[in-house]
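Me: I'm new to this structure and would like a close look at one part of it. Please start from the largest cavity, show me what lines it, and then work outwards.

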Amino acid sequence: MPHNTYCIHVDVKSSDTFRNAMKAMTDCLDNVFFTSKRVDLVWAHVSTLYAQRNCLRELMESPVKWKYFMHISGQELPLYTNAEIVHALAMLNGFNNIESFAIPPNNWGRMQYSHELMKVKGREFHRSYIMIRTEVTKQPPPWSINLQKGSNFVAITREAANYILHNQVAIDFLDWLNDTAKPDETFYSSLQQHPGFPGGIHGDQPEWILRAVSWQMENTCYGRWIRGVCWVTMRDLIWILGSTMRQKLFVTKIPFEYRDDLLKCLSIARRTRKYGQDVFRVSGVL
């Protein structure tokens, strides 16, 4: 849509063939662009936040005066039309939608100790490095920030985006997270409940609407579990388009070797339903 603007980040490790194919598509659209500063992305590393920040900075310079920023990965699809997504964001009434809750006890080691990158031979390129915990204890986070956990898939206001780019609290906090593990699960969720963060909400959060996702320890998956997340197949539409996920805007994860009928069914549902409407109201098997 012309009233939206889109920034695409392509990993430094991606092939020239892939990048050129992406560029050929974006060259056809005036409001879609590549970020001028690419990052070598490493899973569970702060590089994810750097890539998002680079795009965020260029999006703020766009002539399009957007109101909300959302991060979308390459293995996701919208569950509603653009108009219905705009409707859902308008219902936020100027607040962010960020998953933010108390850090589980088994996750505290990610922030209590510093971490280092270690190269692992023989792994697929995007998992060729892992984060290794050292025995060095970190100092408390700056500005008395109360650490929280959540997803890095967020909907944040333009004012919150400006805060992330220019406010010293956010700058210092990102620097502090530099040697922690999975900092993208801590950065937005902690700022969301920090005093002065635009659009933030303290305490209990409203429903997180960004993703329909199934986690291995909690839910069903008819596709495949990969790193604890369901890579969906046709039968997973029963929960993706069901009543429990009817508020979610996007679905993750679509497998790289997806079936065409999966995308066709999602496309039909997206075109024909209003925000908050479910398709399947009873459990069953497709």
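Reply: Here is a walk from the lining, through the rings beside it, to some contacts elsewhere in the chain.

This is a predicted model, so local features need pLDDT of at least 70 and side-chain atom pairs count only at pLDDT 80 or more, while totals for chains, interfaces and linings use all residues. Residues are numbered from 1 along each chain as its sequence is written, and side-chain values use heavy atoms, with hydrogens and water left out.

Let's begin with the cavity itself. The structure holds 2 cavities of 30 Å³ or more, and the largest cavity contains about 50 Å³ of space. A cavity here is a set of points on a 1 Å grid over the protein atoms alone where a 1.4 Å probe fits but cannot get out, and lining residues have an atom within 4 Å of a point. Grid points are joined across faces, edges and corners, and the volume is the space filled by probe spheres set on them.

Which residues surround this space? The lining of the largest cavity is made by Leu49, Gln52, Arg53, Leu56, Ile164, Leu174, Phe187 and Tyr188. Two helices, H2 (47-60) and H7 (187-192), supply at least two lining residues each. Of the elements involved, H2 gives the most, with 4 residues. Helices (H or I, at least four residues) and strands (E, at least two) are DSSP runs, numbered from the N terminus.

Two of the names in that lining, Phe187 and Tyr188, lead us to the rings. A search of the whole structure finds 6 aromatic pairs. One of them joins Phe173 and Trp176, whose ring centres are 6.3 Å apart and whose planes meet at 20°, so this pair is stacked. Rings of Phe, Tyr and Trp (its six-membered ring) pair if their centres lie within 6.5 Å; planes under 30 degrees apart count as stacked, over 60 as edge-to-face and the rest as tilted.

Phe173 and Trp176 share helix H6 (residues 168-176), where they sit 3 residues apart, about one turn of the helix. Both Phe173 and Trp176 are buried; that word means under 20% relative accessible area, with exposed being over 50% and partly exposed in between (1.4 Å probe, protein chains only).

Phe187 and Tyr188 also form an aromatic pair, this one edge-to-face, with 5.2 Å centre to centre and 70° between the planes. Phe187 and Tyr188 are buried as well. Put the two pairs side by side and you have one aromatic cluster, made of Phe173, Trp176, Phe187 and Tyr188. Two of its members, Phe187 and Tyr188, are the ones we met in the cavity lining.

Further along the chain, Leu210 is found in the loop between H7 and strand E8. Is Leu210 buried or exposed? Leu210 has a relative accessible area of 0%, so it counts as buried. The C-alpha atoms of Leu210 and Leu249 are separated by 5.2 Å, although these residues are 39 apart along the chain.

Now for contacts between charged side chains. Side chains of opposite charge can pair when their charged atoms come close. A salt bridge is a side-chain nitrogen of Lys or Arg within 4 Å of a carboxyl oxygen of Asp or Glu, and the count by this rule comes to 11.

In one of these salt bridges, Glu84 meets Lys274 at 3.9 Å, N to O. Glu84 is in helix H3 (residues 82-90) and Lys274 in the segment after helix H9 (260-272), so this pair links distant parts of the chain, 190 residues apart. The partners have contrasting surroundings: Glu84 is buried, with a relative accessible area of 12%, whereas Lys274 counts as exposed at 57%.

Arg224 forms a salt bridge with Glu257, and their closest N and O atoms are 2.4 Å apart. Because Arg224 lies in strand E9 (residues 224-226) and Glu257 in the loop between strand E11 (250-252) and H9, the pair ties together parts that are 33 residues apart in sequence. Arg224 is partly exposed, with a relative accessible area of 41%, and Glu257 is partly exposed at 49%.

The side chains of Asp27 and Lys23 meet in a salt bridge too, at 3.2 Å, N to O. Here Asp27 counts as exposed at 51% relative accessibility, while Lys23 is partly exposed at 37%. To finish the tour, look for Asp11, Lys13 and Asp40, which are linked in a network of salt bridges.

Methods:
1 Å grid on protein atoms, 1.4 Å probe; cavity = no way out; pocket = protein on both sides within 12 Å on 5 of 7 lines; lining within 4 Å.
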